[in-house]
Structures are given as structure tokens and as C-alpha cells.
Amino acid sequence: MRSNDVRSSDTRSNDVILSCRGVRKHFGGVVAVEVAEFDVERNTVTALIGPNGAGKTTLFDLITGFVDPDGGTIVFEETDITDKPAHAIARDGLVRTFQLTRILNKMTVLENMMLAARQQRGERVQNTFFRRRDIAHQEAEIKVRALALLERFSLLPLAYEYAGRLSGGQKKLLELARALMTDPTMVLLDEPMAGVNPALGEQLLRYVLELRDEGMTFLFVEHDMDIVMRISDRVVVMATGEIISDGTADDVRSDPAVLAAYLGDHAQEDIAEAEGEQP
Ligand SMILES: Nc1ncnc2c1ncn2[C@@H]1O[C@H](COP(=O)(O)OP(=O)(O)OP(=O)(O)O)[C@@H](O)[C@H]1O
Ligand SMILES: [Mg+2]
């Protein structure tokens, strides 16, 4: 049970929304991901942590269809999504944000939002029988939805600004708002707080918790343990492609395997540094 919010814990069920079995990805000789078993429960915030290069982003890429696995099965809401492309998975209700934001700087904030919806609407737009009036109607609906989300994320005053003028933190908020354009069931966030100033970061965390309380499920990668401790229902730790620990924030913090993984990371950095210093 989370210590920061006990209100909703009694309403939270234990059903699994996302399930990975034997999911593998190698890049040449590098084992990026080798996950035997990994489940995410519906209506929770799960943190995925681990040293640099642990395979966190690659696991996100595999789950969301941006990279094809070498083996294994990924099931989302009882549908096998292992071989589905990213846009199909997004249509199923599973979306992600990127470690490096994919905001288009030369478009306005509103255009970025509307583009996200159009991209995810996908091939239906190419349907030759699609009438122009229907498209106009859909565009109007998309715009209303975009403006409502921008208002919720305090970005409405910036709707007609070029996205390139936003601060790093505002871009991260916009990226989350964009992900929500299709009304997803589950969102994967890759380091949503990196480079975000504390005030905007707090805002982002608040939105995530609000959305969870409305029924959404989150899996997020975060390096800041204070943040992980504060908002996670559960913490999963990866190292060298594998899941090495799984439990509450307190469980993983006191797990010797986790400590060893992080120490190993620093030890490797020290070795690399020492090697770099050699003539
Ligand atoms: N496209 C790629 N080609 C080759 N190797 C890759 C590729 N993508 C990732 N890797 C390697 O796979 C491993 C896992 O990388 P990944 O980016 O998933 O780690 P991460 O846990 O997200 O790290 P970070 O915390 O630094 O973001 C690393 O060794 C990385 O160099
Ligand atoms: Mg990463």
C-alpha cells in the first residue's frame, strides 16, 4: 500500500493490464533486454529504475512496438501485441513518451496536439469513402479535446506559440498532454522529469497521480529516487537487461542485488575513467 495516499488503495484491483514473458532483444553482442516475467497491474503507478544502459528504454520500445523483440510475448489487455506496430498499439490504448521529447518546434503547441491525434487515427484517414464533412467534424472534435487537455496542463495560454519557445519542462508537459490525446488506458513515461524545473515537475507528478486516480495506468522510468519513492505503487529494477528486483520502494531500496547493480555501474564508470586517463 502506498503511504502517501491510502484513499484509493482499497479500490485498486490486482488485475494485470500488461504482461511480458521471455521478452528478449539483443543488439549485436549486447543483451539489451532479457525479461523472463514482468506484469503491470491496472490503475497503478509502477516505476522502472536501473543504472544507465540497463535496458529500460529498450523495454519501452519493445512494449510499444517501436522495436521488434527477438523473442517472447507481450500481452496488453488480453490482446497479444508482440508483433503489432506502434500506431496499432496506440489505438489499443497503450502509448508512450520519449526520453528525448519528440515535440515539433516549428509547429504551435496546439498543432502538436492535433497532429498526435491525427497520427494515431492512422489509416482510417486514407479511407476513400471518408467524407470531407466527417473529417471536418472530427477535426473540430480533436481541437476541442486538445484545448481541454492544454487547459488541464496549464498550457492553454501557450496554445498558439511555437512549441520551440517552450521551456524543457513545458515540453515534457506537452509531451504528456499529446500522449493523452487518444484517451489511452496505459501510458509509459521515459524520464518525464529529466530537466524539468521543480515547480513544473511537481505539477507533472500531480497530473500523473490524478490520472491514476481516474483509472489510468502508468509505467515510468525515473532516476530520481525521491520521486520514485513518492509516487510509485511499486518499483521494478532492471540491470543488464534483466529484472533483478520488484516490490515496494522500501523493498527494493534495501535489496542487496539493487545496491550491487548500482555500485557495479559506478565501478564501471570509475574503471572507464581510469582507462581514459592512461597514456
Ligand atoms: N539501437 C541500438 N543499437 C545498439 N545498441 C543499443 C541500441 N539501443 C540500445 N542499445 C544498447 O542496449 C543497452 C540498453 O540500452 P537502453 O537505452 O535500453 O538503456 P536504459 O536503461 O534506457 O539507459 P539510460 O538510463 O541511460 O536511458 C545499452 O547497452 C545500449 O547501448
Ligand atoms: Mg533510457
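Helices (H or I, at least four residues) and strands (E, at least two) are DSSP runs, numbered from the N terminus. This is a predicted model, where local features need pLDDT of at least 70, side-chain atom pairs count only at pLDDT 80 or more, and totals for chains, interfaces and linings use all residues. Residues are numbered from 1 along each chain as its sequence is written, while chains are lettered from A and ligands numbered from 1 in the order in which they are written.

**View 1. The whole protein, for orientation.** The fold comes to 9 helices and 10 strands. Of the 279 residues, 36% are buried (buried: 20 or more other C-beta atoms within 10 Å of a residue's own; exposed: 12 or fewer; partly exposed: in between; C-beta atoms are placed from the backbone). Count the contacts between residues at least 6 apart in sequence, and 70% of them join residues at least 24 apart (a contact has C-beta atoms, placed from the backbone, within 7 Å). As for pLDDT, the predictor's confidence in each residue from 0 to 100, the mean is 86, and 85% of residues reach 70 or more. Don't read much into residues 1–12: pLDDT stays under 50 there, and the model gives that stretch 8 contacts beyond four places in sequence.

**View 2. The shell around ligand 1.** Here are Phe27, Val30, Ala32, Gly50, Asn52, Gly53, Ala54, Gly55, Lys56, Thr57, Thr58 and Gln99; a residue gets in if its C-beta atom, placed from the backbone, lies within 6 Å of the ligand. Strand 2 (30–41) and helix 1 (56–63) chip in at least two residues each, and helix 1 has the largest share, with 3. By type, the shell splits into 4 nonpolar, 7 polar and 1 charged (Ala, Val, Leu, Ile, Met, Phe, Trp, Tyr, Cys and Pro count as nonpolar, Asp, Glu, Lys and Arg as charged, and the others, Gly among them, as polar).

**View 3. Helix 4, residues 132–152.** Its 21 residues reach 30 Å from first C-alpha to last, close to the 30 Å expected at 1.5 Å a residue (the expected span is 1.5 Å times one less than the number of residues). Ala146, Leu149 and Leu150 are the buried ones. They cover an arc of only 95 degrees around the axis, which puts them on the same side of helix 4 (the arc is that of the directions from the helix axis to the C-beta atoms). The face turned away from that buried side carries exposed residues, including Arg133, Asp134, His137 and Glu141. Just past the helix, Ser154 takes a positive phi of about 55 degrees.

**View 4. Helix 6, residues 198–213.** The end C-alpha atoms of this 16-residue helix are 22 Å apart, in agreement with the 22 Å it should span. Leu204, Val208 and Arg212 are buried. Those buried residues fall within an arc of 75 degrees seen down the axis, so they line one face of helix 6. What covers them includes strand 3 (45–49), helix 5 (168–179), strand 8 (217–221) and helix 7 (225–231). Over on the other side, Ala199, Arg206 and Glu210 are exposed. Gly215, just after helix 6, has a positive phi of about 120 degrees.

**View 5. Two loop residues with positive phi.** Asn43 sits in the loop between strand 2 and strand 3, with phi near 65 degrees, though it's no glycine. Asn43 is buried, having 21 other C-beta atoms within 10 Å. Glu77, another non-glycine, has a positive phi of about 50 degrees and is found in the loop between strand 4 (71–76) and strand 5 (79–80). Glu77 counts as partly exposed, with 16 C-beta neighbours inside 10 Å.

Definitions and conventions:
Contact = placed C-beta atoms within 7 Å.
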